[in-house]
Amino acid sequence: MKQGVILSVLLGIFILLSAAGVCQTTITISADKSGPQISPTMWGIFFEDINFNGDGGLYAELVKNRSFEFPKTMMGWRPIQGGQAAGKWTITEGQDPLNAVNPNYLRLEVQNPGEGFGLTNEGFRGIGINKGEKYYFSVFARSSSAMSLKVEVVAADGRKLLEGTLDNITGDWKNYHCLMTATETDAKATLNLLATKAGTVDLDMISLFPENSAQQMAGRPVPGLRKDVVAILAAMKPGLFRFPGGCIVEGHDLETRYQWKNTIGDINERKLIINRWNTEFKHRLTPDYFQSFGLGFYEYFLLSEQIGAEPLPILNCGMACQFNTGQLVPMDQLQPYVQDALDLIEFANGPADSEWGKKRAAMGHPEPFKMKYLGVGNEQWGPQYVERYKVFARALKEKYPEIQLVAATGSDPAIFPNGDNEVKYLWGQWRILKPEIVDEHFYRKHTWFSDNAARYDSYARNEPKVFVGEYAAMSHGVGNPDNRNNLECALAEAAFMTGLERNADVVVMTAYAPLAGHLDAWQWKPNLIWFDNLTVYGTPNYYVQKLFSTHRGDVVMPVKIDAAEGKLFVTACQDKAAGQVIIKAVNISSQPMEATVDLQGAGIVASEGQVTVLAGQPADENSVQAPTKVAPVTDTMTNAGPRFTYTFKPYSMTVLRLTVK
Ligand code: AHR
């Protein structure tokens, strides 16, 4: 009789829960068993100057075409001739330019300054100015007429936001500068530079930076990086920093490939080139997209050091982008490319008195950067790649056996006409040639990610390790401008990432791609972070990455889930230093998941734990207006123990941190 009552009560509860749409499951964690170690490089970031990510983004320069080196030399500039003003503007290679690398400069020949004779710069889709912040204007100028210049930054509605003057410009090229404090805020301001006297003046490297753009982290400045963008990257605590791409490494053709040696040393002498994303997408043409390399390899190493991420440079291997020209450097002319790679290692790690180490020291970092990884080629494929890789690997390993090499497997296999045959071919080669790490890329529908969370369960354990070097869930499709950074895609990636963590003995590094996009100047969607001239915000995808990275843990613990397969994805790991078990659970279904969590062999588990939840509706996104609409919320739980119940919200990622005594 008693048993009958209990059964009816249990049946009643079951019916109630089912009616409420609650799914039930048991999660068994073998807390006394150690799985693979999780590499500190596991959760990384991937930077490429796409979407105005570099110039117009992380690089804080506010003046576009500051050195008049764009092929259309006046692009970004317009003449100003106020009132009775009269004179002539010429952009010339002229005599004795500021330097030979950037030969163009502007000459103003002013007959009458009137109410202003000069020029205005439109910035990168406007200039973002914040009230109360200081801005540093700088220009190289020469004049034989003791010229005076007025500097002003004007809001879209005509309000003056910044004002300064530069007087007594005389003699040969010299730097003139002034510091100005903003009286108002505006996202779409313009910069005016006006001669206030008759005479002639030559101008070059016309530049405006927020004064606070020189970051002071670890006591060392990273010159000229946008503070809010650096902060959102640092908050992720990435373990790895891949740079500078991406297809940008390869170039549309070899002429426009990324050459790291052109990106170091004096900023005034870094040679500008066209950005390969300038004309890549016909539906998102950005003819004003160039690479000034103000954010170059030195700044990259410095930033990696300051945010605590291992640098992973990717270098051109003698091949231009195979989606474009696919130009190849003949094998007998490959040596300079190999030498560039050898020299980069010396620049990063060599003693301060070595040829390239000396250049690093001269820029302010005598200590080596201790770089450990190097990627040979970006998304290369085919026998021509293998041929070239062999030459690189031989030379690099001979001189620097300690550097771990990353080899590619082409682009996402879904893009190739013959499916994953390219990837299979390359993996066959890598099994023989044994680079330490092999890079795989996935740009797929969001459902592919949750369906393939077990991808690495079946990978051989004794082969090169894997870098999941570019991935992002596509709500619409690769290259589709309608792709969304919504919660549904973010959770699909999170489900996939549980599989990456579980297989930490195979997968040693990962990065979402691309990193960021300017809301008014992007070419590619989706992106992890979005920004405009004044604000920056993380997407739901960003918060997923951040949750994994800031709750990384050291050692994976085996997990078994009864029921809810394909809907609930769970991993567990140990954070040794904190004495905690970290459980990450991703519920991609519309139902709450009531789980009994069984921490087998854990010993004493404190009843109080920390719970962080990222939840919402599948279509939810963040925006400038609602930057944290989808963001994690942290709370305390009080019912933790060796066996406890927890209900995972519909459409959510949850991180539980439990203290084990
Ligand atoms: O992330 C955008 C592009 O996708 C990268 O440049 C390239 O490597 C990949 O094809």
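A polar contact is a pair of N or O atoms within 3.5 Å; within protein, one must be able to donate a hydrogen and the other to accept it, and residues adjacent in sequence count only if both atoms are side-chain atoms. In this predicted model, local features need pLDDT of at least 70 and side-chain atom pairs count only at pLDDT 80 or more, while totals for chains, interfaces and linings use all residues. Residues are numbered from 1 along each chain as its sequence is written, and side-chain values use heavy atoms, with hydrogens and water left out.

The protein is divided into domain 1 (17–38 + 555–659), domain 2 (44–59 + 225–549) and domain 3 (77–212), with bounds from an automatic or database domain assignment. A distance of 31 Å separates the C-alpha centres of domain 1 and domain 2. Their contact (heavy atoms within 4.5 Å) takes 33 residues from domain 1 and 26 residues from domain 2.

Between domain 1 and domain 2, 7 residue pairs are in polar contact, both residues being at pLDDT 80 or more. On the side of domain 1 that touches domain 2, the elements giving two or more residues are β28 (568–575), β29 (580–587), β31 (605–615) and β34 (652–660); strands are DSSP runs (E, at least two residues), numbered from the N terminus. Of these, β28 gives the most, with 4 residues. The residues of this side comprise 20 nonpolar, 10 polar and 3 charged, where Ala, Val, Leu, Ile, Met, Phe, Trp, Tyr, Cys and Pro count as nonpolar, Asp, Glu, Lys and Arg as charged, and the others, Gly among them, as polar.
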